[in-house]
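Here are some reading notes for a colleague who is opening this structure without having seen it before. The points are numbered so that each can be checked against the display.

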Amino acid sequence: MLSIAAGISFAKIEAALGADTPIIRAMPNTPLMLGVGATQLVRNAAASEKQLAAVRSLFDEMGVTTVFDKEDMKNAPAYIYAYADAMVQSAKKHGIDEQDALQMFCQTMIGAAKMLMHGEKTPAELIRAVCSPGGTTLAGMQVLEERDLYGMVAEACDKCTARAYELGK
């Protein structure tokens, strides 16, 4: 059985179908519809490596797939759309056309994603590389640090994960 139900644990599914039911849980994201998604997989004890490989090959056709050993999958979606909206709304406030702002944001994200995927530098190193001392990007990053962007993202992910576990009860 393949489950994409957020927060529905193996224990809950096994209680309904039997502990000997092979189950693979998947946490896909919506970019799968464009063939560039990311999916997390985990299997229960009854599911074989061969079954896992078959499911992985299916999701690999639609993007990248990561297999976890434990069911503690990160039930947190990417909050990139909210960040995109905030960036576009800010650009509009400064007189930039919405479509132009969105196009620039998207292209920047594509480039940033490729830099991250290239793997030569960590995200922190890439941030430092574009933050010239006394420069514009550094001024903006200081606001994000002062307002605790990292803490807000962590809290959002924690709340999302907690809600997924609530759904599984």
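**Notes on the model**

1. Leaving aside residues up to four places away in sequence, Pro22 touches Met1, Asn44, Ala46, Ala47 and Gln51. Please keep in mind here and below that the model is a predicted one. Pro22 belongs to the loop between α1 (10-17) and β2, and with a relative accessible area of 26% Pro22 is partly exposed. Its contact with Ala47 joins parts of the chain that are 25 residues apart in sequence, while the C-alpha atoms of Pro22 and Ala47 are 4.1 Å apart in space.

2. In what order do the strands of the open sheet stand? The order is β1-β2-β3-β4, four strands in an open sheet with mixed pairing. The edges are taken by β1 and β4, and because each of these has a single partner strand, one side of each is left without a neighbour in the sheet. As general background, strands of a sheet pair through backbone hydrogen bonds, in either the parallel or the antiparallel sense.

3. Beginning at the β1 edge, strand β1 (residues 2-3) runs parallel to β2 and is joined to β2 by two bridges, with Ser3 standing opposite Arg25 of β2. The elements β1, α1 and β2 together form a β-α-β unit that is right-handed. Strand β2 itself is largely enclosed by the rest of the structure, because four of its five residues are buried.

4. The next pairing, between strand β2 (residues 24-28) and β3, is antiparallel and extends over five bridges. Two positions help to locate this pairing on the display: Met27 stands opposite Gln40 in β3, and Pro28 has Thr39 of β3 as its bridge partner.

5. Strand β3 (residues 37-43) is mostly covered, with five of its seven residues buried. On its other pairing, β3 runs parallel to strand β4 (residues 63-67), and five bridges join these two strands. Thr39, already met as the bridge partner of Pro28, has Thr65 as its bridge partner in β4, and Leu41 stands opposite Val67 in β4.

6. How does the chain cross from β3 to β4, and with which hand? The path goes through helix α2 (residues 49-60), and this β-α-β crossover is right-handed. Helix α2 lies across β1, β2, β3 and β4, and runs at about 155° to β4.

7. Which residues make up the largest nonpolar core? This core has eight residues, namely Ile24, Ala26, Leu32, Leu41, Ala47, Leu52, Val55 and Phe59. Both β2 and α2 supply at least two residues each, and the largest share, three residues, is that of α2. A reader following Ala47 will recall that this core residue is also among the residues that Pro22 touches.

8. A search of the whole structure for disulfides finds zero. In general terms, a disulfide is a covalent bond between the sulfur atoms of two cysteines. For Cys157 the closest cysteine sulfur is that of Cys160, and because these sulfur atoms are 7.1 Å apart, they are too far from each other for a bond. Is Cys157 buried or exposed? Cys157 counts as buried, because its relative accessibility is 16%, whereas Cys106, at 38% relative accessibility, counts as partly exposed.

9. Asp148 deserves a separate look, since its phi is positive, at about 60°, although Asp148 is not a glycine. This residue lies in the loop between α6 (136-146) and α7 (149-167). With a relative accessible area of 42%, Asp148 is partly exposed.

10. Lys92 is a final residue to find on the display, and lies in helix α3 (residues 80-93). At 36% relative accessibility, Lys92 counts as partly exposed. How far apart are Lys92 and Glu166, in sequence and in space? They are separated by 74 residues in sequence and by 39 Å in space, taken from C-alpha to C-alpha.

Methods
Residues are numbered from 1 along each chain as its sequence is written. This is a predicted model: local features need pLDDT of at least 70, side-chain atom pairs count only at pLDDT 80 or more; totals for chains, interfaces and linings use all residues. Side-chain values use heavy atoms; hydrogens and water are left out. Buried means under 20% relative accessible area, exposed over 50%, partly exposed in between (1.4 Å probe, protein chains only). Two strands pair if DSSP finds at least two bridges between them. A crossover is right-handed if, with the strands pointing away from the viewer, the path from the first strand over the helix to the second runs clockwise. A nonpolar core is a set of buried Ala, Val, Leu, Ile, Met, Phe, Trp, Tyr and Cys residues joined through side-chain atoms within 4.5 Å. A disulfide is a pair of cysteine sulfur atoms within 2.5 Å. Contact means heavy atoms within 4.5 Å. Axes are lines fitted to C-alpha atoms, for helices over the stretch in contact, and angles run from 0 to 180 degrees between N-to-C directions.
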